[in-house]
Amino acid sequence: MANFSGRRVFVVEDETLVLFNLEDILADLGCEVVGQAMRLDQAITLAKSVGDVDVAILDVNIGGATVFAAAEILAEKGVPLLFATGYGRDGLPPEWQDRAVIVKPYSPQDVERALAPLLGVATGT
Amino acid sequence: MGEVDYARTFDVLPSPFMIVDTDLCYVAANRAYLETVDRTLPELLGKSLFELFPNSGESGQRLRASFDSVMATGVSDTLAYLPYPLQRADGGFDQRYWTAVHVPLLDDEGRVAYVMQNTVDVSEFARLRAAATVPFTSLSAETRLIERTREAEASSADFRRLFQQAPGFFAILSGPRHVFTFASDSYLRLVGDRPLMGLPVETALPEVVGQGFIALLDRVFVEGYVHQAESARIMLLRQAGREPEETYLDFSYHPIRDPDGSITGVFVQGTDRTEAVRAAHLQRLLIDELNHRVNNTLATVQSIASQTLRASTDPALARQAFQARILALSKAHNMLSDRRWHDTDIGRLVRQELDAFDSSQVRYSGPALMVNSKATIALAMLLHELASNAVRHGALSLPQGRLDVAWHEDETDSLVLEWKEQGVPHVAAPDKRGFGSRLLDTVVVGELGGQLDLRYEPGGLVARLSIPPVGYIAQELSFG
């Protein structure tokens, strides 16, 4: 497994159990979670206030709303985005289609492979 | 030019005419009539019509009634179709069919003095109907012409009726401005029963202007090609006084040409596909939503497996814990499924988790309070972790232990749930990083935006959680 040691990750995921899994995967990769939100209002506030972030992993559907309002704030800051969704790429509106996506359920390897190019790390896989 | 000789004119009229007096005795008959009845004029004059051609049947009565009516009222009468056998001079009978018109001839005082009868022998028509196989060549030219016209009119009316009532819609647009000259019932229904006849499309259906259809009609009219479209989207005013509605049509435009080949109009035909398109769209949405839910549930199960295995070194215990957690998740899904994935009564969630325990040990109470689907899953997992903790380390691990669960809605509409364990002599605060306490904290504070107060009092664990309305009432389209 690649070492993303010290990389700062911003996470939005509205389901406790799915979040646990992602937190564990990120911890195993050596990442540091610098911002974490489970609701849209919280995600927007945190996206505005958060300091340096290397990458953001965003669950698309949060509590029936979409995460894009928070995604825009992060994208403006130049934060690379990785969307996580149960719908697949087709679930993304056209303006976000070119962004990286992982489809739920995802494995630690899926997360690693998706993060590597966003963090500029070669994984060798 | 000399004076017209009316007697001679009467005599040479090609159609049979005769005149009777008020006693129904012949006073005149022209040549055509004499030929038809196969008699000479002297054989008829002064004789009674009904003595010469007796008929006591229905036809005779109708004929007599018609004469009586004309004489009584002075108004003409027509018998459209009258079967009337005719006795030939040789004594035999011919079955004949007639159309008869009776016209009154008035005297100077305005009283009916005579009645003139004009008859047309329609026996050939009758025979034709009786035996449809009779070849046309056996009929007179006139009869053929009349019969063909009649058939053409009938079939044109039949066609019109067919088109009028066809399930697909039809319309005929004439000229370069596409003026409606025909629209079927279904076409009229499609456009909200608006007046169309004699109006150009742009006037009759103003909302379609700017949607590209008039330009298409122009092209079909000018270039003469056939335009076909499948499930074409059109905003159409379907009901008077309403906004135009999204409508999907399969349709085609065909040029109508006159015998010279010039285009005179456009024939429009099609089917309303709106319901089918909507149904397909809904089905697509449902499949997407199903995929989404299945994927989210799999992600949850994956996480439960991962968390359970990480937390335990004993495979037998891990397997037991995993199965119990999956069962708790599954029961929550079933409860939501019963309510069409809408919401669940908090009481059912609590009962589901605590029903197996003796009522002397476990009490729970609270009003009916509905929680949304997201909170249902989250609270089901939370209650399961609290209960399994109580079984392993708390009030439900000892016979003298007691658990009280109560819930209510507070003055801010928050859902407040209190979990109180008693009778546990040695209360140890659990590992802060344990799955149970991590789950409690993340569900209540993170996922549902509430507050959690967890205390380890002498006698047992006391948990108080408060969830704001936005965390459990707000409805969502889906979870996850």
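Helices here are DSSP runs of H or I with at least four residues, strands are DSSP runs of E with at least two, and both are numbered from the N terminus. The model is predicted.

**Exercise 1.** Which elements does chain A have, and how do they run from the N terminus on?

Solution.
Step 1. Count by type: chain A contains four helices and seven strands.
Step 2. Put them in order: chain A reads β-α-β-α-β-β-β-α-β-β-α.

**Exercise 2.** Describe the open sheet of chain A by its strand order and its edge strands.

Solution.
Step 1. Five strands form the open sheet, in the order β2-β1-β3-β6-β7 (chain A), and the pairing is parallel.
Step 2. Find the strands that pair on one side only: these are β2 (32-37) and β7 (100-103) of chain A, the edge strands.
Step 3. Add the geometry: from one strand to the next, the twist averages 20 degrees.
Step 4. Place a helix: α4 (residues 108-119) of chain A packs on this sheet and touches β3 (55-59), β6 (81-85) and β7 of chain A. The direction of α4 makes about 170 degrees with that of β7(A).

**Exercise 3.** How many bridges join β1 and β2 of chain A, and in which sense do these strands pair?

Solution.
Step 1. Recall that strands of a sheet pair through backbone hydrogen bonds, either parallel or antiparallel.
Step 2. Strand β1 (residues 8-12) of chain A pairs with β2(A) over five bridges, in the parallel sense.
Step 3. Locate one position: opposite A:Val9 stands A:Val33, in β2(A).

**Exercise 4.** Work out the pairing of β18 and β19 in chain B, and say which residue of their hairpin takes a positive phi.

Solution.
Step 1. Seven bridges link β18 (residues 451-457) and β19 (residues 460-467) of chain B, in the antiparallel sense.
Step 2. B:Asp453 has B:Arg464 in β19(B) as its bridge partner.
Step 3. Two residues lie between the strands of this hairpin. B:Gly459 takes a positive phi near 110 degrees there.

**Exercise 5.** Set out the element counts, burial and long-range contacts of the two chains.

Solution.
Step 1. Chain B has 16 helices and 19 strands, while chain A has four helices and seven strands.
Step 2. A residue counts as buried if 20 or more other C-beta atoms lie within 10 Å of its own. By this cut-off, 42% of the 125 residues in chain A are buried, and 26% of the 480 residues in chain B.
Step 3. Take contacts with a separation of 6 or more: in chain A, 60% are between residues 24 or more positions apart. In chain B, 49% of the contacts between residues at least 6 apart in sequence join residues at least 24 apart.

Definitions and conventions:
Residues numbered from 1 in each chain as written. Chains lettered and ligands numbered in written order. Predicted model: local features only at pLDDT ≥ 70, side-chain atom pairs only at ≥ 80, totals over all residues. Buried ≥ 20, exposed ≤ 12 C-beta atoms within 10 Å, placed from the backbone. Contact = placed C-beta atoms within 7 Å. Pairing = 2+ DSSP bridges. Axes fitted to C-alpha atoms, helices over the stretch in contact; angles between N-to-C directions.
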